[in-house]
Amino acid sequence: MNKRPSAETFDVDNGEKPAADWMRTLAKYRDPHHGRSTLEIAWTLVPFIGLWLAAWFAFSISPIISVLICVPAAFFLVRLFAIQHDCGHGAFFRHKKLNDWVGRALGVLTLTPYDVWRQSHILHHASSGNLDNRGIGDIKTLTVKEFSERGFWGRLQYRAYRNPLVLFVIGPVYIFMLDNRLPFQFFTAGAKYWVSAMGTNVAIAVIAAVLIYTMGLAEFFTIFFATTAMAAAIGVWLFYIQHQFEETVWESGDEWQLHEAALYGSSHYDLPPVFRWLTANIGIHHVHHLYSRIPFYRLTQVLNDNPALADIRRLTFLESLKCINLQLWDEDKRRLVTFAEARSA
């Protein structure tokens with residue numbers, strides 16, 4: 001795993017430079033191609049629908065086979081979410097309205113009210129790695145000091161929250177199936193977010209009713225729950241590993257810098273090609289955070305043209321598994337640590 005360079009280590013010899021200096025380089029990759037974007041939707045949505053149909057037909061043979069077919073369907077659902085994600089950044093099409101309406105339509109499939117999620121995600125990008133602005137659109141992270149100052153129940157609550165079973169199994173199901181139904185985090189922010197949430201809920205209910213009538217109750221709920229639960233778990237894992245790795249960036253006050261936190265506080269999750277495609281290059285997250293208007297299908301071109309970026313914060317799949325037990329930010333060591341490391345400090 002690559003260490004985060006301090007401000008003093010940027011020099012010509014090691015080829016590193018301040019994050020902001022990459023902005024002009026990355027700007028030339030920002031323009032989407034409408035034909036390519038349309039094709040990306042087609043070759044994601046069509047297989048997703050096909051796998052749902054296959055799972056439905058397989059259900060009469062064996063529900064287990066049906067659930068197994070839901071595994072690739074879940075990856076395609078993650079890819080649809082990634083397209084919705086690009087729409088939220090205005091990166092998938094050149095026109096805002098087209099981005100927004102495609103994003104809203106996909107939000108019905110991903111169980112995510114587009115306008116609510118978009119606002120939350122904007123706040124995430126604007127405050128990622130900022131210790132003074134945590135809590136919206138990110139994984140809850142305490143410092144070692146904050147954790148030690150909590151009482152017994154407070155520490156127990158945080159330990160429960162950071163338990164892998166909660167983070168990657170129970171939590172994702174709760175977020176996408178229940179929490180997304182009502183925009184409580186924007187309770188007083190305006191009617192727009194309630195319209196987004198309620199409109200998405202109604203559309204989900206209508207599609208679910210049609211599918212239940214067509215497929216049958218047991219078939220629908222088995223395939224729906226299996227696909228959604230697995231996609232949610234994959235999505236939350238990807239989001240987790242994009243920022244929760246040992247040498248990430250957390251700063252407070254004037255020490256926090258937007259571009260530095262974006263590039264060095266986000267990982268390059270270097271997945272095998274097939275999973276890179278299925279997850280729409282979201283693993284190239286450090287580049288995405290630094291310049292979010294780049295369509296996901298151009299991110300590989302960015303790395304090919306700029307090899308220095310490929311080595312920044314690179315994580316392989318095996319390396320990422322070691323990040324599961326990182327729970328607290330140590331402000332002295334300037335890295336994420338485990339509960340055991342925090343106790344022994």
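**Figure 1. Helix 9 and helix 10 cross in this predicted model.** Let us start with a pair of helices: the axes of helix 9 (residues 191-215) and helix 10 (residues 217-243) come within 7 Å and cross at roughly 125°. The two helices are therefore oblique to each other. On the helix 9 side, look for Ala208, Leu211, Ile212 and Met215; helix 10 contributes Leu217, Glu219, Phe220, Phe221 and Ile223 to the contact. Sorted by class, the contact of helix 9 with helix 10 has 8 nonpolar residues, 1 charged residue and no polar ones.

**Figure 2. Helix 4 packs against helix 5.** Here is another pair to compare by eye. Helix 4 spans residues 96-109 and helix 5 spans residues 114-127; they pack at an angle of about 115°, and their axes are 9 Å apart. That makes helix 4 roughly perpendicular to helix 5. Lys96, Asn99, Asp100, Gly103 and Arg104 of helix 4 meet Tyr114, Asp115 and Arg118 of helix 5. By class, 5 charged, 2 polar and 1 nonpolar residues make up the contact of helix 4 with helix 5.

**Figure 3. A view of Gln84 in helix 3.** Helix 3 covers residues 63-88, and Gln84 has its place there. Is Gln84 buried or exposed? Its relative accessibility is 0%, so Gln84 counts as buried. Setting aside residues up to four places away in sequence, Gln84 touches Gly103, Leu106, Gly107, Thr110, Thr112, Tyr114 and Trp117. You may recognise Gly103 and Tyr114 from the contact of helix 4 with helix 5.

**Figure 4. Met177 and its neighbours in helix 8 and beyond.** Met177 belongs to helix 8 (residues 164-178). With 17% relative accessibility, Met177 counts as buried, because the cut-off for that is under 20%. Its contacts, leaving aside neighbours within four places in sequence, are Leu111, Phe224, Phe225, Thr228 and Ala229. To find Thr112 from here, note that Met177 and Thr112 are 65 residues apart in sequence, while their C-alpha atoms are 8.8 Å apart in space.

**Figure 5. Ser128 and Gly137 in the loop between helix 5 and strand 1.** Strand 1 consists of residues 142-143, and Ser128 is found in the loop between helix 5 and this strand. Ser128 is buried, with a relative accessible area of 10%. Beyond its neighbours within four places in sequence, Ser128 is in contact with His243, Trp256, Ala261 and His289. Gly137 lies in the loop between helix 5 and strand 1 as well, and at 26% relative accessibility Gly137 counts as partly exposed. Which residues does Gly137 contact, leaving aside neighbours within four places in sequence? They are Ser120, His124 and Phe239. Gly90 is 47 residues from Gly137 along the chain, and 18 Å separate their C-alpha atoms.

**Figure 6. Leu309 in the largest nonpolar core.** This core has 81 residues, and those with the most contacts inside it are Leu26, Phe92, Leu263, Val287, Ile294 and Leu309. Not counting residues up to four places away in sequence, Leu309 touches Trp22, Leu26, Leu263, His286, Val287, Val302 and Leu303. Apart from the largest core lies another core of 7 residues, including Leu142, Phe147, Leu328 and Ala342.

**Figure 7. Confidence along the predicted model.** The mean pLDDT of the protein is 92, and 95% of its residues reach 70 or more. Over residues 1-15 the pLDDT is below 50. Beyond near neighbours in sequence, that stretch has 33 contacts in the model.

Definitions and conventions. Residues numbered from 1 in each chain as written. Predicted model: local features only at pLDDT ≥ 70, side-chain atom pairs only at ≥ 80, totals over all residues. Heavy atoms only, no water. Axes fitted to C-alpha atoms, helices over the stretch in contact; angles between N-to-C directions. Helix = DSSP H or I, 4+ residues; strand = E, 2+ residues; numbered from the N terminus. Parallel < 35°, antiparallel > 145°, perpendicular 65-115°, else oblique. Contact = heavy atoms within 4.5 Å. Nonpolar A, V, L, I, M, F, W, Y, C, P; charged D, E, K, R; others polar. Buried < 20%, exposed > 50% of the residue type's maximum accessible area, 1.4 Å probe, protein only. Core = buried A, V, L, I, M, F, W, Y, C linked by side-chain atoms within 4.5 Å. pLDDT = per-residue confidence, 0-100.
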